[in-house]
Amino acid sequence: MTWIGELVSIASFVSSYLNLTGTLATAVDALVYAIAISILIVAFDYVFGWVERKTIAKIQGRHGPTFAGKYGILQNLADFVKLLSKEHVLPKRADRLMFLSTIPIMLALTIFLILLLPFSPTLLESNVGLGLLVIFVLLSFMPLIIFANGFGSGNKFATISAQRSVVMLLSYEVPLIFVIATVGLLAGGYNLVNLINAQSQWWFVILMPIGFFVFFVAMLAELERPPFDIREADNELIAGWLTDVSAPYYTLALFLDYSRMFLGSLLIAILFFGGWSGPILPPFVWLLLKVFIISFFIMIVRASMVRMRIDRLLRFGWLWLLPLSLINLILTYLVFIR
Amino acid sequence: MVTRINIGPVHPSTHGVLRLVVDIDGDTVVKLEPHIGFLHRGVEKLVETRMYMQSPPYMEKLDYVAPMSYDEAYVATVEKAMGVEVKERAMWIRTMLLELQRIASHLLWLGTMANDVGQFFTVFMWTFADRDVVLRLLEEASGARMFYVNMRIGGLIRDLPPGFEERAEEVMDHVEKRVKKYEDFLEASPLFMERMKGVGVMDREKAIELGVTGPVLRGSGVDYDVRKNNTYYVYEKLNFKPQLRSDGDCFARYKVRMMEIRESIRLVRDALAGMPDGDALGMPIKLILPSAKNRMVSVSRELPRGECLMYMIADPQRPYRLSIRAPTFINLAAMSEISKGCRTADIFAISGSLDLVMGDVDR
């Protein structure tokens, strides 16, 4: 089954075909890799947009999209075209730069973070020592960018959403960092490839279930998925920070939503479910399979949970998640390290 | 710093066209002011220009979630003005239909309530499907799915179709199972419980002072139900018990409504069991010539949302004046009182637990 590994490492294939060497070859490799992964992200967004609609419809006893294409598979394409054909309205009070630049920046940041992750032993762009830390440092910028967007739109609902964004950051970021530190402790470093290799015997989800729970909850909050969709709370704040965002930018925001879900599921799969490791099937397929199952679980959570209140989340973060993450750190140290 | 936000009239969870002007300090509500009137259609005035039995369709559009209850309240007022006795079998059928309507209305409320606290449409879709089962039953009995207009002076437009009892039994078994499922599903979730418990507390004295009625009043522990205290039709014979909770918070109001669905199921079963034979048809519309003997009448009814009082000054041809005490109008007035000091997210839990229907508020 090595041919799939060969097939997906097209990056080096292009540069060798063009007889390039040195820095130019590296640059072309990176570009080709980025394009390939971006196509993968778009494909995931598209397929998962459809799967989520169908799954939630099934849970709720509906049919979901049925008209566009077989089983409504083309519905998202139709929505995409419709959204792009709509008028773009810039609110009078909005800060033009802050309001318009943030969503593209967030999407670019998300894609960049996905590029940093390893997809298989051969399909990876960066293999730096502090990869995991880099990812989480960049990821914690997200709520701040959302804050900028909400504040810049000049809408009161968006402003409240922006404030909630910062409060949320306070509640889940500290436990998240403790869990990442524990993962680094267990793997003996923050290199993502070493992290996956360290899980060849036992997945980290078995070694530290408490840490997994804290990480999963914090990740749901990070991804704005229910029950922590407090920023976007559509019954309270209409659409939160997206209230005044009109069609083309809203399309980007939808892409951003699913790309972030992809990123979050990838991180969970790599950190706790052994990344690409698995028998028979090629590593790349294993990783995507795990991502698919995790995303599916996140969807089911969405259909079955009631939204948490912002003050409750703060309470939950400091009274439950933080002690749990500390207990996890101490237990891991006592059991596996000492 | 106090910020003023304007929620509605176009907003995902204002149940129609309610506008709330809210002053918030951080995340705490300082002042909440409902602005109403976006759905005012002047029904009370319209009724004055129509003959008596031309009005029920207007009445039904007041509370479009429980149309039959309003229809019945109006027809009962006209009957009282005319001094007409309702036929025995018609009384039993009316009681049963009203309770079916109450179940349908409460099921819709449950879905929207779950949505208001941030459930992503799951319970909403489930309860809508179950409400449809009940509506199908009502359709069988009256001929229409939503706006029935099946009350006539002294009886009904038609008797129950053959085989209705068995189907009603089936539906009641189904709804009973589903209500259990909803309760298990929602109350097993600590997130739901903490959104509902201790939120929007209205104690007994305050509830009486504010004049709220229906499940909102009974959620505050006041034993008042028009079906019991000012009984009508056959509720006495069916041994009806009002459902009470004493906490006065959103959870108590939720629980009262859930228990009321159960009680209504029991009432429907009892009514089906004890239904007498005979004639249930009312007078044809053409024959109506109301005597002006009882000029001023008032009829009080327990609607799914609370007490409705219809006050009518009757003329021989048409009502001289009809005044309606709408239950949700009074219940909405309590909202600014009980949501003081709550969190921004709780506004919607409270408005959901009051079960507002803007058609009823604005009339």
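## Contacts and the predicted model

Two residues are in contact if their C-beta atoms, placed from the backbone, lie within 7 Å. The structure described here is a predicted model.

## Helix α11 of chain A and its surroundings

With that contact criterion, what covers the buried residues of α11(A) includes α6 (131-139), α8, α10 (204-207), α12 (247-272), α13 (283-304) and α14 (310-337) of chain A. Helix α11 itself comprises residues 209-222 of chain A, 14 residues in total. From its first C-alpha to its last it reaches 20 Å, close to the 20 Å expected at 1.5 Å a residue.

Burial is extensive along this helix: 10 of the 14 residues of α11(A) are buried, so the helix is largely enclosed by the rest of the structure. The buried positions are A:G211, A:F212, A:V214, A:F215, A:V217, A:A218, A:M219, A:L220, A:A221 and A:E222. Just after α11(A), A:E224 adopts a positive phi of about 60°.

## Helix α8 of chain A

Helix α8 of chain A, one of the elements covering α11(A), runs over residues 156-187. At 1.5 Å a residue, its 32 residues should span 46 Å, and because the end C-alpha atoms are 45 Å apart, the model agrees with that expectation.

The helix nevertheless carries a kink of about 35° at A:Y172, shortly before the proline A:P175. The residue that follows α8(A) is A:G188, whose phi is positive, near 75°.

## Contact between chains A and B

Across the interface, 23 residues of chain A are in contact with 26 residues of chain B. On the side of chain A that touches chain B, the elements giving two or more residues are α13 and α14 of chain A. By class, this side of chain A has 10 nonpolar, 4 polar and 9 charged residues. Both α13 and α14 of chain A are also among the elements that cover the buried residues of α11(A).

## Overall form of chain B

Chain B contains 15 helices and 8 strands. Its C-alpha trace spans about 65 × 45 × 35 Å along the principal axes. With 363 residues, a compact globule would have a radius of gyration near 21 Å; the 20 Å of chain B therefore agrees with that form.

Of the 363 residues of chain B, 53% count as buried. Among the contacts in chain B with a separation of 6 or more, 71% are accounted for by residues 24 or more positions apart.

## Strands β6, β7 and β8 of chain B

Strand β7 of chain B (residues 306-314) pairs with strand β6 (residues 296-303) through 8 bridges, and the two run antiparallel. They form a hairpin with 2 residues between them. Within this pairing, B:M310 in β7(B) is the bridge partner of B:V299.

β7(B) is also joined to strand β8 (residues 319-325) of chain B, by 6 bridges and again in an antiparallel arrangement. The hairpin of β7(B) and β8(B) has 4 residues between the strands. Here B:R325 in β8(B) is the bridge partner of B:L309.

## An exposed position in chain B

B:E209 is placed in helix α8 (residues 204-210) of chain B. Because B:E209 has 12 C-beta neighbours inside 10 Å, this residue counts as exposed; the cut-off for that class is 12 or fewer. B:E209 and B:D159 are 50 residues apart in sequence, and their C-alpha atoms are 43 Å apart in space.

Methods:
Residues are numbered from 1 along each chain as its sequence is written. Chains are lettered from A and ligands numbered from 1 in the order in which they are written. This is a predicted model: local features need pLDDT of at least 70, side-chain atom pairs count only at pLDDT 80 or more; totals for chains, interfaces and linings use all residues. The radius of gyration is taken over C-alpha atoms; the globule rule is 2.2 Å times the number of residues to the power 0.38. A residue is buried if 20 or more other C-beta atoms lie within 10 Å of its own, exposed if 12 or fewer, and partly exposed in between; C-beta atoms are placed from the backbone. The expected span of a helix is 1.5 Å times one less than its number of residues. The bend at a residue is the angle between axes fitted to the seven residues ending there and the seven starting there. Two strands pair if DSSP finds at least two bridges between them. Ala, Val, Leu, Ile, Met, Phe, Trp, Tyr, Cys and Pro count as nonpolar, Asp, Glu, Lys and Arg as charged, and the others, Gly among them, as polar.
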